[in-house]
Amino acid sequence: MKELNASELKKIAYNCRKATFLIEKQQVEKITAREQLELKIHLAGCSICITFMQQSLVLNQMVKKLFQSDFIKLKLDDSFKHHLQKRIEDHLEKN
């Protein structure tokens, strides 16, 4: 793995956007060794992202339990899906 220079370390240390992305990514899939290192460096100095990570873990666990439960069956209405797809396509065409 390539060593990080001072400039790269500074970018990592002050990049909450990337840290929150990595926090979410690691809950879905395995992150690379470099990503783990970057996240660890960032979390060493950012209490806000530590709080975000803790809250994100709790929320994801709650959502997983909700969707695994037989208590509630969630399904989007077909007309709603069609309407949502149209809004997405319209938005993409404008941009």
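Here are three short exercises on the salt bridges of this predicted model.

Residues are numbered from 1 along each chain as its sequence is written. Local features need pLDDT of at least 70 and side-chain atom pairs count only at pLDDT 80 or more, while totals for chains, interfaces and linings use all residues; side-chain values use heavy atoms, without hydrogens and water.

**Exercise 1.** Find how many salt bridges the whole structure holds, and which residue pairs with Lys-25.

Step 1. Apply the criterion: a side-chain nitrogen of Lys or Arg within 4 Å of a carboxyl oxygen of Asp or Glu. The search finds five salt bridges.

Step 2. Look at Lys-25: its partner is Glu-35, with the closest N and O atoms 2.8 Å apart. Lys-25 sits in helix 2 and Glu-35 in helix 3, 10 residues apart. (Helices are DSSP runs of H or I, at least four residues, numbered from the N terminus.)

**Exercise 2.** Work out which residues are linked with Glu-38 in a network of salt bridges.

Step 1. Start with Lys-18, which meets Glu-38 at 2.8 Å, N to O. This pair joins helix 2 (residues 16-28) to helix 3 (residues 33-45).

Step 2. Add Arg-34, whose salt bridge with Glu-38 spans 2.9 Å. Because Arg-34 and Glu-38 are four residues apart in helix 3, about one helical turn separates them.

Step 3. Put these together: Lys-18, Arg-34 and Glu-38 form the network.

**Exercise 3.** Decide whether Glu-38 and Lys-18 are buried, partly exposed or exposed.

Step 1. Use the cut-offs: buried is under 20% relative accessible area, exposed over 50%, partly exposed in between (1.4 Å probe, protein chains only).

Step 2. Glu-38, at 7%, is buried, whereas Lys-18, at 36%, is partly exposed.

Terms used:
Helices (H or I, at least four residues) and strands (E, at least two) are DSSP runs, numbered from the N terminus.
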